Amino acid sequence: MVQIRVLVLAASLSLVSAWVPSFRRSLAPSSTTARRMAIDYNDPIVGEEFNKVQPMAFEDVEQELREKGIPVPPTMNEMEIKLMLVEMRLRLSGKLAGQTEKKRPAKFSSKFEEAMWTKPMFKEFYDELKQKGDHNAQNVVAEYLNDKTLALQRYGKDYKAVIRRAEAALTAAPPVNSPTLKFSGFPANMGES
């Protein structure tokens, strides 16, 4: 009888303790809800860009943001939209703190890394796989570059199309990025003197 009373008392205390806040929880440090600012307004680069944006008309600011594909919410005021334009310009130019341009390594750690830096068509193909979220194909392509025979043994049947596209991207000619075209010999023999 005494044991049943003890069990009932213990059960009721455990139920009550679920409803009563514990003392230990109230002593725990609370988490902060402070938001980090996207840009540092005390930075001279930000101030310089803001001085360029400040005299612009609201419509011009809105148009420049829309040209870059950034919709302007109707709930934002003119100052917030101008600050959004400042941030967009700084992000696109790479001038914000924490934005460092990746530098080409002097020595590559793998054939995959070398291909990512030296074959622009391969990088484009791999980034397309990454954009789709196809992690399996990404792993197959990376392994194919680092060890072709092993990758063909493991994935040759199931990922034949992916491997074929990777090989095509590796052997593709690099794109021409020259702003001018050079013709040689075209007008020389046209019959005109």
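**Helix packing and the largest pocket**

Helix H3 crosses helix H5 in a right-handed manner (right-handed if the near helix is turned clockwise from the far one by less than a right angle, left-handed if anticlockwise). Helices here are DSSP runs of H or I with at least four residues, numbered from the N terminus. The model is a predicted one, in which local features need pLDDT of at least 70 and side-chain atom pairs count only at pLDDT 80 or more, while totals for chains, interfaces and linings use all residues. Residues are numbered from 1 along each chain as its sequence is written, and side-chain values use heavy atoms, with hydrogens and water left out.

H3 spans residues 44-53 and H5 residues 78-93; their axes come within 9 Å and cross at roughly 125°. Axes are lines fitted to C-alpha atoms, for helices over the stretch in contact, with angles running from 0 to 180 degrees between N-to-C directions. This crossing makes H3 oblique to H5, since angles under 35 degrees count as roughly parallel, over 145 as roughly antiparallel, 65 to 115 as roughly perpendicular and the rest as oblique. On the H3 side the contact (heavy atoms within 4.5 Å) is made by Ile45, Val46, Glu49, Phe50, Lys52 and Val53, and on the H5 side by Met79, Lys82, Leu83, Leu85, Val86, Arg89 and Leu90. These residues divide into nine nonpolar, no polar and four charged, where Ala, Val, Leu, Ile, Met, Phe, Trp, Tyr, Cys and Pro count as nonpolar, Asp, Glu, Lys and Arg as charged, and the others, Gly among them, as polar.

Met84 also belongs to H5. Beyond residues up to four places away in sequence, Met84 touches Leu65, Ile70, Pro73 and Met76. Leu65 lies 19 residues from Met84 in sequence, with a C-alpha to C-alpha distance of 8.3 Å.

Further along the chain, helix H7 (residues 120-132) and H8 have axes that come within 9 Å and cross at roughly 150°, which makes H7 roughly antiparallel to H8. Phe122, Phe125, Tyr126, Leu129 and Lys130 of H7 meet Ala137, Gln138, Val141 and Leu145 of H8; by class, this contact has seven nonpolar, one polar and one charged.

H8 (residues 135-146) also packs on H10 (residues 160-171), at an angle of about 55° and with the axes 10 Å apart. The two helices are therefore oblique to each other, and H8 passes H10 in a right-handed crossing. Here Ala137, Val140, Val141, Tyr144 and Leu145 from H8 meet Val162, Ile163, Ala166, Glu167 and Leu170 from H10, giving nine nonpolar, no polar and one charged.

The largest pocket has a volume of about 180 Å³. On a 1 Å grid over the protein atoms alone, a pocket is an open set of points where a 1.4 Å probe fits, with protein on both sides within 12 Å along at least five of seven lines; lining residues have an atom within 4 Å of a point. Its lining consists of Lys102, Phe112, Glu113, Met116, Trp117 and Lys123, with three nonpolar, no polar and three charged residues. Helix H6 (residues 111-118) gives the most to this lining, with four residues.

Key:
Grid points are joined across faces, edges and corners, and a volume is the space filled by probe spheres set on the points.
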